[in-house]
Amino acid sequence: MSFFLKKTNNKKGTYLQIYESFYDPARKGGAHKSYKAIGYVHELQEKGIDDPIAYFSEEVQKLNQELQQKKQAERVRQISNESPEKFLGYFPLKNLNDSLGCKNYLDLMQTAADFRFNVFDMMSALIYARTVRPCSKLKTYDEVIPKLFESYDFSLDQLYSGLEYIGSEYEKVIEIYNHQIAQKYQFNTSHTYFDCTNFYFEIDREDDFRLKGPSKENKKEPIVGLGLLLDANQIPIGMKMYPGNESEKPVIRNIIDDLKKRNNISGRTIQVADKGLNCFNNVLHALKAGDGYIFSKSVKTLPDTEKTWVLLDNDYIDVKNRKGELLYRIKECIDDFSYTCTDDSGHKKTVKLVEKRIVTYNPKLAEKQKYEINRQVEKAKRLQACQAKKSEYGDSAKYVSFVSANKNGEKTEGKVKVEINEKAIENARKLAGYNMIITSETHMAASEIYAAYHNLWRIEESFRIMKSQLDARPVYLQKKETITGHFLICYLAVLLTRILQIYILKDQYGAEEIFDFIHDFRVAKVSDRKYINLTRSSSFIKNLSDQTGLPLTSYFLGNTDIKKVLSHRF
C-alpha cells in the first residue's frame with residue numbers, strides 16, 4: 001500500500017487528489033481509491049499556496065514515510081500486554097441469553113440497589129467466562145473476561161458486590177428466567193425430577209452456612225447442599241441452597257412448593273427422585289399437594305415377605321436389545337403397603353397406601369455390585385487378620401460382626417472379636433442387581449415408570465457438569481450470599497446449555513461434546529479487520545456450521561463474520 005498525488009486536467013483546470021493504492025484480493029492485483037480530495041490548483045494559489053503540486057507532493061511523501069515506519073514497527077513489535085486470542089465458543093449461550101429478554105427485568109430489579117454498573121451484564125460475563133475457562137473470580141476478572149469479545153465495564157469490587165446481590169436474590173433471578181423461558185419454549189411439569197448434592201470447602205472452621213455433614217465425596221470438611229429440580233424435558237426449573245448439616249429430604253418439599261407458588265403451577269406433577277429422598281413425609285407431601293411420586297427404594301431394607309417376592313422368578317418379563325441380549329428383567333404388583341410415621345403428638349402409627357411396586361434385575365449391575373461386595377469382603381478379611389480397629393473397616397464393616405470374647409471364644413464384656421458375617425454376605429450377593437421403584441401411579445405402565453425414573457441421570461449429569469466442566473466448588477468465597485451467587489452462575493450456565501442441547505440441537509449431542517466446543521472455539525486477532533480460527537475440526541462444529549449457516553469452519557474470519565456469529569438468533 002502507498003499514496004500518490006493524482007492530477008486530473010479538465011476544462012476548469014487541474015484538480016488535485018491524494019490517492020491510496022492497495023492490493024485487491026478479488027482482482028488479484030493492484031487497485032486505487034481516493035484518500036483525500038484537495039481542490040483545483042488555481043483556487044489553492046488564490047488561498048496563498050504558491051506551488052500546490054510541490055506542497056501536496058511533500059504531504060504524500062510524509063504519508064508514505066509514516067506508512068513505512070508503521071510497517072517497520074509491526075515487524076519489530078514486542079509482545080503485547082493484551083493477548084490476541086479471543087474466546088468465541090460461548091456464543092450460542094450468549095445468543096440464547098440475549099434472546100430470552102431477561103435483561104429488562106434484571107435492570108428493573110437493580111433500580112432498588114445503588115449500583116453504578118449493570119448487574120445483568122456482570123452476571124452474563126461471569127456465565128460465559130465460567131463456561132470457557134472456569135477459575136477463581138480474581139483470575140476470571142483479570143484473565144478470562146478480557147478475552148471475551150464484548151467489553152464489560154465493572155471493577156473487581158463491583159463484581160463481588162454484584163455476585164453478593166444476585167446471591168441474595170437468586171430465587172427471583174431464577175423466577176425471571178423461568179418466566180421468560182416459559183414464553184418461548186414452555187416447561188413440561190407433568191414430571192419433575194429432583195436430587196441433591198453437596199460441595200465441600202477447604203476450610204477448618206464452620207460458619208452458619210458451611211457446616212459439616214454427610215459429604216457425597218466422603219470429605220470431612222464443611223459442606224453446603226444444593227437441590228436441583230428439572231422438568232419432564234430435563235430443563236432446570238429450580239435450585240435450592242441449604243446448610244451442609246441439614247437433611248436433604250425436606251428440600252424437595254420446599255423447592256416444589258416454592259416453584260409452584262412463584263410460577264403459578266397448579267396442575268398435577270409426578271415427583272421423581274432417588275432412594276435418598278424416599279421417606280414417608282415426602283410421599284405424604286406429594287399426595288397432599290395432589291401430586292404423584294416415583295421413588296426408588298432399597299431392596300435391602302424391605303421386609304422378608306417383599307424380599308421373597310423380589311427373588312421369585314415368577315412374573316418377570318425379559319427386556320432384550322435388537323441382538324437378543326438381555327438388558328434387564330422387570331415385574332410389578334399393586335397392593336396396600338404399610339408406612340410407620342409419627343404424628344404431631346409424638347405417637348407412632350401405621351398408615352397403608354395403595355402403591356405400584358416395580359422391581360428390575362440388571363445382570364450388568366449385578367456383576368458390578370458382586371465385584372464390589374467381593375472386594376469389600378476381601379478387605380474385611382485382611383483387616384480381621386491384622387486385628388485392625390473398628391474405625392478402619394469403613395464400608396466393609398457391614399460384612400463383619402464385632403463381638404466381645406474371652407480367650408476361650410466365649411462372648412463377654414471384654415475384648416472385641418471380629419467375625420466374618422457370612423449371612424450378610426450371602427444376602428448381599430442374592431440382592432445384587434435388583435432395584436425397586438415405588439409409585440402412586442398405579443395406572444401407569446411399568447415400562448413408562450421405569451423410563452421416567454431412569455431419566456434421573458440428567459440430574460446426575462447436571463451435577464457432574466457443575467463439578468467438572470464448571471469447576472463449581474468455590475475455595476475462596478466466604479459470604480453466604482457470594483457463595484450462593486456463584487452457584488447461581490453455575491446453575492444458569494447449565495440451564496442455557498440444556499436449552500441449547502435439548503431445544504436447539506434436538507438432544508443429538510452429549511453435554512461433553514457441547515462443552516468441548518465451548519472450551520475450544522477460539523480465534524486470534526492478526527489485524528484490525530482479520531482473525532484466524534484456532535479451533536480443530538470436528539463433526540460437531542461442522543454440523544453446527546451447517547445448521548446455523550455461520551462460518552464456524554473458516555480459517556479466516558473478518559469483523560463482519562464475528563458480528564454475525566455473536567448476533568445469531570436460533
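Modeller: Before we start, a helix here is a DSSP run of H or I with at least four residues, numbered from the N terminus. Keep in mind too that this is a predicted model.

Colleague: Fine. Which helix does glutamate 512 lie in?

Modeller: Glutamate 512 is in α17, which covers residues 511-520. That run meets the minimum of four residues, so it counts as a helix.

Colleague: What makes glutamate 512 exposed?

Modeller: The cut-off for exposed is over 50% relative accessible area. Glutamate 512 has 55%, so it's called exposed. It also belongs to a surface patch of negative charge, together with Glu513, Asp516 and Asp520.

Colleague: Why are those residues called negative?

Modeller: Asp and Glu count as negative, so Glu512, Glu513, Asp516 and Asp520 qualify.

Colleague: Stepping back, how many helices and strands does the chain have?

Modeller: There are 19 helices and 18 strands.

Colleague: And what makes you call the chain spread out rather than a compact globule?

Modeller: Its radius of gyration is 34 Å, whereas the globule rule gives 25 Å for 570 residues. The chain's value is well over that, so it's more spread out than a compact globule. As for the box, the C-alpha atoms fill roughly 125 × 60 × 55 Å along the principal axes. Of the 570 residues, 46% count as buried.

Colleague: Why is helix α3 described as mostly covered?

Modeller: α3 runs over residues 91-100, and 8 of its 10 residues are buried. Those are Phe91, Pro92, Leu93, Lys94, Asn95, Leu96, Asn97 and Leu100. Right after α3 comes glycine 101, with a positive phi near 75°.

Colleague: Take proline 92 from that helix. How do you know that it's buried?

Modeller: Buried means under 20% relative accessible area. Proline 92 is at 2%, so it counts as buried. If you want a landmark, proline 92 and tyrosine 339 are 49 Å apart, C-alpha to C-alpha, and 247 residues apart in sequence.

Colleague: Now the salt bridges. How many does a search of the whole structure find?

Modeller: It finds 23.

Colleague: Why is the contact between lysine 103 and aspartate 121 called a salt bridge?

Modeller: The rule asks for a side-chain nitrogen of Lys or Arg within 4 Å of a carboxyl oxygen of Asp or Glu. The closest N and O atoms of lysine 103 and aspartate 121 are 3.6 Å apart, so the pair passes. Lysine 103 lies in α4 (residues 102-109) and aspartate 121 in α5 (residues 119-132), so the bridge ties together parts that are 18 residues apart in sequence.

Colleague: Buried, exposed or partly exposed: what are lysine 103 and aspartate 121?

Modeller: Partly exposed is the band between 20% and 50%. Lysine 103 has 29% and aspartate 121 is at 29%, so both names land in that band.

Colleague: Which salt bridges does arginine 329 form, with aspartate 313 and with aspartate 318, and how do you know that they count?

Modeller: Arginine 329 and aspartate 313 have their closest N and O atoms 3.7 Å apart, and arginine 329 meets aspartate 318 at 2.8 Å, N to O. The limit is 4 Å, so these contacts count. Arginine 329 sits in strand β11 (residues 326-342), while aspartate 313 is in the loop between α11 and β10, 16 residues apart. Aspartate 318 is in strand β10, 11 residues from arginine 329.

Colleague: What are the accessible areas of arginine 329, aspartate 313 and aspartate 318?

Modeller: Arginine 329 has 21%, which makes it partly exposed. Aspartate 318 is partly exposed as well, with 41%. Aspartate 313 has 53% and is exposed. There's also a network of salt bridges linking Arg458, Glu461, Arg498 and Asp507.

Colleague: Last one: why do the phi values of aspartate 315 and lysine 506 deserve a mention?

Modeller: Most residues other than glycine have a negative phi. Aspartate 315 has a positive phi, near 75°, and lysine 506 has one of about 55°. Aspartate 315 is in the loop between α11 (304-311) and β10 (317-320), and at 62% it counts as exposed. Lysine 506 is in the loop between α16 (480-504) and α17; at 59%, lysine 506 is exposed too.

Technical notes:
Residues are numbered from 1 along each chain as its sequence is written. This is a predicted model: local features need pLDDT of at least 70, side-chain atom pairs count only at pLDDT 80 or more; totals for chains, interfaces and linings use all residues. Side-chain values use heavy atoms; hydrogens and water are left out. Patches are made of residues with over 30% relative accessible area and no salt bridge: like charges are joined within 9 Å, nonpolar side chains (Val, Leu, Ile, Met, Phe, Trp, Tyr) within 5 Å. Accessible areas come from the Shrake-Rupley method with a 1.4 Å probe; for residues, only the protein chains shown count as cover. The place of a charge is taken as NZ of Lys, CZ of Arg, CG of Asp or CD of Glu. Helices (H or I, at least four residues) and strands (E, at least two) are DSSP runs, numbered from the N terminus. Buried means under 20% relative accessible area, exposed over 50%, partly exposed in between (1.4 Å probe, protein chains only). The radius of gyration is taken over C-alpha atoms; the globule rule is 2.2 Å times the number of residues to the power 0.38.
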